[in-house]
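This report describes selected local features of one protein chain. The sequence and structure are shown first, and the account follows.

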Amino acid sequence: MKILIADDDQDIRNLLKILLAGECDQVVEAVNGQEAVAFCNEEVSLVILDVMMPIMDGFQACVEIRKKSKVPILFLTAKGQEYDKIIGFSAGGDDYLVKPFSPSELQSRVKAMLRRYLEYGGTDLLVQDPVIRIGELMINEETCQVTVNLDSKALTSTEYKILLLLCKTKGKVFSAQNIYESIWEEPYFHSANNTVMVHMRKLREKIEADPQNPRFVKTVWGMGYKVDD
């Protein structure tokens, strides 16, 4: 059994080889996303991808691997923002672990992913429905199309990212700071609250029948925003 590791940091690859020694017969190393895609074949049972790599990053590599394989993919990266995780899952990843990580947690996740894949017909279990449904609201992650009652809604890229962030984590309350740092990927400053509010208002005008009494994107007063079923 082979595990493929893609990381441009030799020290990380060496550490992973030590931690995974008892889980596989062979560890295949790649130093960038392009090599990861090339080295991934039917003999590989698990892929561990860093995100920030030269030539081709981990997200791009994941998309390319998914074109030819359903092998489980674990992102192991320092990019820990909520939206980074959403991008990783949207690209086809199955799990996401942020550096610095606990060795025991890594080993536990690897064991669980291999067990699903090898023992329980994991290839089918790992395929996820690309469509998110919240009542009459539907988001197709493959096409980035948003519809309400089957009526297509033309969202800007930022509006789509905000909606996807909230819908992928239903029930979780996001403050304006959470949203700004996840979507804009910049440190939050006080006036950024107005930026978030403007985008939220425009988003509601497009997807809500009554923007003043929203059905999907709700305000939790004094805390932030959330989406419920």
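At 0% relative accessibility, Thr77 counts as buried (buried means under 20% relative accessible area, exposed over 50%, and partly exposed in between, with a 1.4 Å probe and protein chains only). The structure is a predicted model, in which local features need pLDDT of at least 70, side-chain atom pairs count only at pLDDT 80 or more, and totals for chains, interfaces and linings use all residues. Residues are numbered from 1 along each chain as its sequence is written, and side-chain values use heavy atoms, with hydrogens and water left out.

Thr77 belongs to strand β4 (residues 73-77); strands (E, at least two residues) and helices (H or I, at least four) are DSSP runs, numbered from the N terminus. Apart from neighbours within four places in sequence, Thr77 has contacts with Asp50, Val51, Tyr96, Leu97, Val98 and Lys99, where contact means heavy atoms within 4.5 Å.

Lys99 is also joined to Pro100 by a cis peptide bond, with omega at about -5°. Pro100 is located in the loop between β5 (95-98) and α5 (103-118).

Two residues that are not glycines have a positive phi, as tabulated here.

| Residue | Phi | Loop | Relative accessibility |
|---|---|---|---|
| Cys144 | about 60° | between β7 (137-140) and β8 (145-148) | 46%, partly exposed |
| Leu150 | about 70° | between β8 and β9 (151-153) | 72%, exposed |

A helix pair is considered next. The axes of α8 (residues 176-183) and α9 (residues 192-207) come within 9 Å and cross at roughly 85°; axes are lines fitted to C-alpha atoms, for helices over the stretch in contact, and angles run from 0 to 180 degrees between N-to-C directions. Helix α8 is therefore roughly perpendicular to α9 (65 to 115 degrees; under 35 counts as roughly parallel, over 145 as roughly antiparallel, and the rest as oblique). On the α8 side the contact is made by Ala176, Ile179 and Tyr180, and on the α9 side by Ala192, Asn193, Thr195, Val196 and Met200. These residues comprise six nonpolar, two polar and no charged; Ala, Val, Leu, Ile, Met, Phe, Trp, Tyr, Cys and Pro count as nonpolar, Asp, Glu, Lys and Arg as charged, and the others, Gly among them, as polar.

As to confidence, the chain has a mean pLDDT of 89, and 95% of its residues reach 70 or more; pLDDT is the predictor's confidence in each residue, from 0 to 100. Over residues 122-127 pLDDT stays under 50, and the model has eleven contacts beyond four places in sequence for this stretch.
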